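Here are some short exercises to work through with the model open in your viewer. Try each task before you read its solution.

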Amino acid sequence: MKRHPVFFILLTLFSATAWAQIQIQAPALSRIRHDQATIEWTTNTESFCAIEYGNTPRFDKKRTDEHYAKGHTITLKNLKPATYYFFRIVAEDNRKQVSTSETYSFTTHAFTDFDQPLLKILSPP
């Protein structure tokens with residue numbers, strides 16, 4: 001029985017793709033405030049993701065993304081002002097393969113962001 005080299009190349013490519021690890025790419029922090037921070041990143045394959053975070057690298061809190069996607073955004077809310085936080089990203093694809101990013105950190109702002117004016121001037125009576 002003669003074996004064709006194309007068969008082995010395709011088999012090798014299929015095997016490498018089937019077992020490829022999820023790549024968590026370009027994590028970025030935005031909209032850091034006194035009580036929240038938004039984390040954005042991409043994955044090389046559609047994945048369900050979560051952010052594990054906390055005041056220590058034990059990551060005692062978790063926030064999950066609700067859908068499979070390649071682009072991800074999660075806002076961490078109810079954070080404490082002027083506090084140092086650690087976080088990492090955990091991604092799981094539809095084959096149940098899981099990847100975890102390295103540990104990152106950020107500090108929330110110290111001052112309250114005011115969305116409303118502090119003083120409202122009313123017309124005289």
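Buried residues make up 30% of the 125 residues in this protein chain, and the model you are looking at is predicted.

**Exercise 1. Describe the overall fold of the protein chain: which elements does it have, and in what order do they run?**

Solution. Start with the count: the chain has one helix and seven strands. Next, follow the chain from the N terminus, and the order reads α-β-β-β-β-β-β-β. Then turn to the contacts with a separation of 6 or more: 57% of them join residues 24 or more positions apart. Finish with the surface, where the chain exposes about 9100 Å², with 57% of it supplied by carbon and sulfur atoms.

**Exercise 2. Examine the hairpin of β2 and β3: in which sense do the strands pair, parallel or antiparallel?**

Solution. First locate the strands: β2 covers residues 37–54 and β3 covers residues 61–64. Their pairing is antiparallel and runs over four bridges. For one of the partners, go to Ile51, whose bridge partner in β3 is Arg63. Now look between the strands, where the hairpin has six residues. Within this hairpin, Phe59 takes a positive phi near 55°.

**Exercise 3. Find the largest nonpolar core: how many residues does it have, and which have the most contacts inside it?**

Solution. The core has 16 residues, and those with the most contacts inside it are Trp41, Ile51, Tyr53, Leu76, Leu79 and Phe106. Next, ask where the core residues come from: β2, β4 (69–76) and β5 are the elements that give two or more. Of these, β2 gives the most, with six residues. To see one core residue at work, pick Phe106. Setting aside neighbours within four places in sequence, Phe106 is in contact with Leu29, Ala37, Leu76, Leu79, Thr83, Tyr84, Tyr85 and Phe87.

**Exercise 4. Survey the salt bridges: how many does a search of the whole structure find?**

Solution. The search finds four. Let us visit some of them in turn.

- Arg88 and Glu52 meet through their side chains at 2.6 Å, N to O. This pair links distant parts of the chain, with Arg88 in strand β5 (residues 84–92) and Glu52 in strand β2, 36 residues apart. Arg88 is partly exposed at a relative accessible area of 27%. Glu52 has a relative accessible area of 16%, so it counts as buried.
- Lys61 forms a salt bridge with Asp60, and their closest N and O atoms are 3.8 Å apart. Lys61 is partly exposed at 36% relative accessibility, while Asp60 is exposed at 54%.
- Glu92 and Lys96 join their side chains in a salt bridge at 3.5 Å, N to O. Glu92 counts as partly exposed at 24% relative accessibility, and Lys96 is exposed at 57%.

**Exercise 5. Place Ser101 in the structure: is this residue buried or exposed?**

Solution. Begin with the position: Ser101 lies in the loop between β6 (98–100) and β7 (104–107). Now apply the cut-off for burial, which is under 20% relative accessible area. Ser101 has 13%, so it is buried. Last, list what surrounds it: leaving out residues up to four places away in sequence, Ser101 touches Ile24, Arg88 and Ile89. You have already met one of these neighbours, since Arg88 also forms the salt bridge with Glu52.

Terms used: Residues are numbered from 1 along each chain as its sequence is written. This is a predicted model: local features need pLDDT of at least 70, side-chain atom pairs count only at pLDDT 80 or more; totals for chains, interfaces and linings use all residues. Side-chain values use heavy atoms; hydrogens and water are left out. Two strands pair if DSSP finds at least two bridges between them. Buried means under 20% relative accessible area, exposed over 50%, partly exposed in between (1.4 Å probe, protein chains only). Contact means heavy atoms within 4.5 Å. A nonpolar core is a set of buried Ala, Val, Leu, Ile, Met, Phe, Trp, Tyr and Cys residues joined through side-chain atoms within 4.5 Å. Accessible areas come from the Shrake-Rupley method with a 1.4 Å probe; for residues, only the protein chains shown count as cover.
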